[in-house]
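Subject: Structure for you to look at

Hello,

Here is the structure I said I would pass on. My notes on what was found in it follow below.

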Amino acid sequence: MQQKLVNVLQKCQNVRQIKQTHDQIIVHGLKDCNFIVPKLMSLSSDFISPNYAANIFGCVCTPNVVTYNNLIKCFIGKSHTDAIFSYNRMREAQIMPNSFTFTSLFRCLEFLDDGKCVHGQVMKLGFLSSVFVHNTILDFYSKCGGNLGYVWMVFDEMVERDVISYNTMIGACMNHGEVEFAIRLFEGMPERNTVTWNSVIGGLSKTGNVELARTVFNKMPQKNTVSWNSMVSGYIMVGDMRTAQALFDEVPEKSVVSWTAMVTGYATVGDLESARRIFDQMQGKNVVSWNAMIAGYVNGHMFDQALSVFHNMLVDGNCKPNQVTLISALSACSHLGAHDHGKWIDGYIKKNNVDLSVPLGNGMIDMFAKCGDLPSAWEAFHKMPKKCIITWTTMISGLAVNGHCSKALELFYRMCRDGLKPDDVIFIAVLTACVHGGLLEDGNRVFDLMVKHYEIKPRIEHYGCMVDLLGRAGKLEEAVRFTESMHLQPNAVIWATLLAACKIHGNGELLESLTDKILASEPTNPGYLTLITNISSSIGRWQNALNFRLVARQQGAEKVPGCSAIQIGSCVHEFLAKDTKHAQKKEIYQILGNLNGELKSVYDMPVEYTYS
DNA sequence: ATGGATTCGA
């Protein structure tokens with residue numbers, strides 16, 4: 001009976017079949033069997049969830065080593081805490097771990113300290129003789145963010161090293177940028193297999209040594225698809241799409257990986273047409289391929305195309321969107337302000353029980369905030385099971401750009417009280433909130449907090465916020481003094497901020513002295529000339545002296561006017577500042593006039609437009 | 001009776 005059920009289990013292809021067999025196992029009173037249960041657990045973990053597998057484990061009265069090992073294995077790439085918990089439970093149950101326990105456990109671990117701890121257990125219990133265990137320890141130390149020293153130490157201590165130990169070691173050296181050491185190991189090792197060669201080619205490619213990778217590749221005896229793909233990726237990495245394409249054409253057995261690499265390659269050099277051409281030619285697209293095309297469009301700021309490909313993916317139906325897909329699609333929605341598409345993605349996540357990972361949650365918050373739907377942004381924020389500093393930054397920025405500036409500050413202080421350490425980026429968001437709300441005192445306090453309490457060195461963006469804050473509050477001299485006290489050279493943004501402050505407060509004298517400073521530090525930038533000219537005329541300060549200085553510089557320095565466009569249906573409408581070319585200009589300026597009136601009555605701040 | 005480690009694409 002047992003053997004029969006094991007055979008049935010091995011044939012299971014989907015959730016329904018697994019659950020049916022699970023029922024059979026229970027009916028036959030075998031839910032306690034240490035022969036069947038481990039197989040059921042690993043299948044359930046793959047097709048259903050580690051949690052489901054853990055529940056099956058919970059029904060076993062006397063689990064043995066194999067069953068415990070399989071429980072731990074379910075948590076690989078899922079939960080290091082659950083894995084450690086299971087290991088401790090096993091020790092408490094007086095079950096002696098074996099080498100399989102440690103290979104599984106090390107693959108679950110994430111943090112250096114946990115690894116050291118388990119490493120100690122391995123030494124205490126005497127499993128260092130197992131090459132398997134040693135190899136996973138090597139791999140763990142190379143991936144957990146510790147330094148290469150630990151990896152070398154383990155490698156040197158090993159009494160027996162096989163080809164995988166060497167391969168792991170070569171990979172570790174490559175990932176830490178120690179190309180020389182990797183090559184030395186490669187040359188000194190007793191035997192090499194395909195993975196060895198591929199690790200070297202891939203490592204050299206990733207570290208920008210394409211030509212060296214090419215010489216190794218040319219010498220490699222039996223190249224497989226991975227070798228070819230590593231080489232193609234190498235040329236893509238350095239932006240050499242011509243060679244990448246030439247090599248790609250030669251690849252004997254192109255895989256999805258080869259095609260997808262080319263899509264990414266063309267997208268990253270900004271050639272979205274070629275990327276799309278490859279993408280359309282490609283057979284058997286998987287989720288990574290779709291993601292590459294969608295992310296390519298997002299990075300190229302072609303957001304509507306990104307959403308269109310996302311839509312095609314759903315219609316195509318051959319692969320389900322995953323976290324990465326949804327994050328890219330949400331980013332497109334954020335940039336387009338596509339609230340309806342964003343809400344649809346929200347619905348998709350809820351309906352399909354997609355777990356809200358930190359980056360996905362961050363994307364949801366950003367999308368809702370950029371679409372002006374703050375209640376939904378808050379909902380996403382509160383529902384996230386785990387948050388990171390970016391989560392808080394996104395929510396604070398969202399509140400700030402929507403005008404809820406005190407709320408943004410409040411949230412920031414709450415985060416600090418919760419004990420999370422703010423970084424330089426979140427301070428930009430908080431200071432921006434102060435600028436939007438005209439909260440000068442709060443801004444000063446926050447800036448002080450950043451510099452004195454958190455000892456974060458201000459970046460030019462932080463200074464920019466402070467200058468803006470002072471300038472808008474009419475403290476122009478203080479703003480200028482502030483720029484002089486900075487430990488950084490003022491950049492374009494700082495100058496423009498000060499000029500804007502002159503405009504708001506009609507300060508002509510400051511405008512003159514600033515003009516001298518700007519012309520001295522950035523004599524060739526035509527943008528300022530236009531800006532200064534416009535401001536001086538708008539505040540009625542059109543003296544000859546200033547005019548003369550500017551005109552002298554302005555010759556041949558024509559500023560390219562900014563242009564914006566929106567798409568309605570299939571027609572793209574373009575607008576230039578003060579242009580009067582649109583067929584519906586009368587209605588457009590009529591609406592601008594109405595908006596102006598409304599803004600004036602609510603905020604006492606007119607929008608800028610002219611109709612001639 | 002039982003299960004393990006390394007290489008390419010988002």
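Eight helices each supply at least two residues of the surface near DNA strand B: α5 (65–73), α7 (99–108), α9 (131–143), α11 (163–175), α13 (194–206), α15 (225–237), α17 (256–268) and α19 (287–299). Please keep in mind that this is a predicted model.

The protein residues around DNA strand B number 37, and those that come nearest are Val-66, Asn-69, Arg-107, Asn-167 and Asn-198. By type, the residues of this surface divide into 20 polar, 11 nonpolar and six charged. On the DNA side, sugar or phosphate accounts for 30% of the strand B atoms within 4 Å of the protein, and the rest belong to bases.

Three side chains can be listed with their distances to DNA strand B:

- Lys-39 has a side-chain N or O atom 3.0 Å from a phosphate oxygen of the strand.
- Asn-229 has a side-chain N or O atom 2.6 Å from a base oxygen.
- Ser-230 has a polar side-chain atom 3.4 Å from a sugar or linking oxygen.

Now the chain as a whole. Chain A has 612 residues, of which 43% count as buried. Its secondary structure consists of 35 helices and two strands. Among contacts in chain A with a separation of 6 or more, 57% are between residues 24 or more positions apart.

Two helices were looked at in detail. The earlier part of the chain contains α2, which covers residues 15–27. Its 13 residues reach 18 Å from the first C-alpha to the last, close to the 18 Å expected at 1.5 Å a residue. Which residues of α2 are buried? They are Ile-18, Thr-21, His-22 and Ile-25. Viewed down the axis of α2, these buried residues fall within an arc of 110 degrees, so they line one face of the helix. An α-helix has 3.6 residues a turn, so residues three or four places apart point the same way. Arg-16 and Val-27, on the other side of α2, are exposed. The buried residues of α2 pack against three helices, namely α1 (2–10), α3 (37–47) and α4 (50–58).

Both ends of α2 have something to note. At the N-terminal end, Asn-14 acts as a cap, with a side-chain oxygen 3.2 Å from the backbone nitrogen of Arg-16. After the helix comes Gly-29, whose phi is positive, near 65 degrees.

The loop between α2 and α3 holds Phe-35. Is Phe-35 buried, partly exposed or exposed? Its relative accessibility is 36%, so Phe-35 counts as partly exposed. Apart from neighbours within four places in sequence, Phe-35 is in contact with Gln-2, Gln-3 and Val-6. Phe-35 and Glu-178 are 143 residues apart along the chain, and their C-alpha atoms are separated by 45 Å.

The second helix is α22, residues 339–351. It has 13 residues and spans 18 Å from first C-alpha to last, again close to the 18 Å expected at 1.5 Å a residue. Gly-342, Ile-345, Asp-346, Tyr-348 and Ile-349 are buried in α22. Seen down the helix axis, the buried residues of α22 fall within an arc of 160 degrees, so they too line one face of the helix. The face turned away from that buried side carries the exposed residues Asp-340 and Lys-351. What do the buried residues of α22 pack against? Their partners are α20 (303–316), α21 (323–336) and α23 (358–370).

Helix α21 contains Ser-334. With a relative accessible area of 6%, which is under 20%, Ser-334 is buried. Beyond residues up to four places away in sequence, Ser-334 touches Asp-366, Met-367 and Lys-370.

Last, two loop residues that are not glycine have a positive phi. Asn-353, just after α22, lies in the loop between α22 and α23. Its phi is near 50 degrees, and Asn-353 is exposed, with a relative accessible area of 66%. His-301 lies in the loop between α19 and α20. Phi of His-301 is about 60 degrees, and His-301 is exposed at 57% relative accessible area.

Regards

Conventions. Residues numbered from 1 in each chain as written. Chains lettered and ligands numbered in written order. Predicted model: local features only at pLDDT ≥ 70, side-chain atom pairs only at ≥ 80, totals over all residues. Heavy atoms only, no water. Helix = DSSP H or I, 4+ residues; strand = E, 2+ residues; numbered from the N terminus. Expected span 1.5 Å × (residues − 1). Buried < 20%, exposed > 50% of the residue type's maximum accessible area, 1.4 Å probe, protein only. Arc of directions from axis to C-beta. Contact = heavy atoms within 4.5 Å. Near = heavy atom within 4 Å. Polar contact = N/O pair within 3.5 Å; in protein donor to acceptor, adjacent residues only side chain to side chain. Nonpolar A, V, L, I, M, F, W, Y, C, P; charged D, E, K, R; others polar.
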